[in-house]
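User: I would like a close look at a single part of this model, the surroundings of the ligand. Please keep it plain, since I am new to this.

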Amino acid sequence: MNIAVFASGRGSNFQAILKAIDDGKLPARVSLLVSNNSNAGALELARSRNIPAIHLSQKQFSSEETYGEQLLDLLARHRVDLIALAGYMKRVPVMVIDRFRNKILNIHPALLPSFGGAGMYGVHVHEAVLAAGVKISGATVHIVDEKYDNGPIVMQKAVEISKEDTPETLAAKILPIEHEIYPQALAAFAGNRVHVEGRKVWIQ
Ligand code: GRF
């Protein structure tokens with residue numbers, strides 16, 4: 001199975017995916033790394049591993065259609081079966097979501113369906129979690145649909161929140177969980193063990 005990873009930042013989830021592949025826990029290869037940010041650490045990481053790394057941003061195109069077509073072409077050329085958004089800060093064009101229905105995953109650093117949606121990224125997520133006074137948070141892997149953080153939930157794992165937690169300590173607690181469950185979820189897809197029925201997802 002060929003995975004395309006889309007990342008905007010440092011790429012620690014991308015690194016965790018590569019490690020799972022190296023360790024034989026994820027039967028797949030990353031055939032493409034796409035970033036909207038030319039300074040993304042993820043681009044550097046891909047290049048250091050000889051993975052095709054492309055800087056592609058909607059800003060380079062006159063419309064979402066031409067951008068989407070370019071992206072679809074790129075995904076076809078690299079024979080991509082599954083797309084993993086890993087800290088990707090941009091919306092995926094609708095035509096790509098359509099073509100890769102149930103084949104685009106995202107990792108979110110909270111327990112969806114709470115604390116997701118527009119504006120809920122990075123430290124904002126953890127600030128909102130702490131402000132709400134909830135006692136647990138965690139990480140969610142979900143299928144990507146047309147709305148932010150909305151698609152069916154594939155895998156979740158929780159952490160406990162302590163009185164001393166700050167947005168930064170909470171992020172640091174959750175990140176290793178992301179690195180654990182994202183490769184596991186991808187491995188389930190790679191092994192064809194995932195069944196999607198509406199909003200319900202079962203892993204065999
Ligand atoms: C992660 O916390 C992920 O959940 C969120 O963005 C962050 C990306 O981190 N969507 P990294 O670039 O994978 O290190």
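How many nonpolar, polar and charged residues does the shell around the ligand have?

Analyst: The model is predicted. By class, the shell around the ligand holds 2 nonpolar, 4 polar and 2 charged residues.

The residues themselves come next. Arg-10, Gly-11, Ser-12 and Asn-13 are around the ligand, together with Gly-87, Ile-107, Pro-109 and Glu-178. Sorted by class, Ile-107 and Pro-109 count as nonpolar, Arg-10 and Glu-178 count as charged, and Gly-11, Ser-12, Asn-13 and Gly-87 count as polar. Glycine may look out of place in that last group, but the scheme used here puts Gly among the polar residues.

Some of these residues place a polar side-chain atom beside an oxygen atom of the ligand. For Arg-10 the distance is 2.5 Å. For Ser-12 the distance is also given as 2.5 Å. Glu-178 has a polar side-chain atom 2.7 Å from an oxygen atom of the ligand. The limit for a polar contact is 3.5 Å between N or O atoms, and the distances for Arg-10, Ser-12 and Glu-178 fall within it. Taken alone, the ligand exposes 370 Å², and the protein buries 84% of that area. The space that the ligand takes is the largest pocket.

One stretch of chain can be followed onward from this shell. Ile-107, one of the residues around the ligand, belongs to strand β5, which covers residues 104-108. Pro-109, also around the ligand, comes right after the end of that strand. The loop between β5 and α5 (123-132) contains Pro-113, and the peptide bond leading from Leu-112 to Pro-113 is cis, with omega near 10 degrees. Phe-115 lies in that loop between β5 and α5 as well. Its phi is positive, about 60 degrees, although Phe-115 is not a glycine. Both features are departures from the usual pattern, since most residues other than glycine have a negative phi and most peptide bonds are trans.

A positive phi also turns up in another loop. Asn-192 sits between α6 (167-190) and β8, and its phi is near 60 degrees, again in a residue other than glycine. Glu-178, from the ligand shell, falls within the residue range of α6.

How values were computed
Residues numbered from 1 in each chain as written. Predicted model: local features only at pLDDT ≥ 70, side-chain atom pairs only at ≥ 80, totals over all residues. Heavy atoms only, no water. Near = heavy atom within 4 Å. Polar contact = N/O pair within 3.5 Å; in protein donor to acceptor, adjacent residues only side chain to side chain. Areas by Shrake-Rupley, 256 points an atom, 1.4 Å probe, with all protein chains shown as cover. 1 Å grid on protein atoms, 1.4 Å probe; cavity = no way out; pocket = protein on both sides within 12 Å on 5 of 7 lines; lining within 4 Å. Sits in = over half its atoms within 2 Å of the grid points. Helix = DSSP H or I, 4+ residues; strand = E, 2+ residues; numbered from the N terminus.
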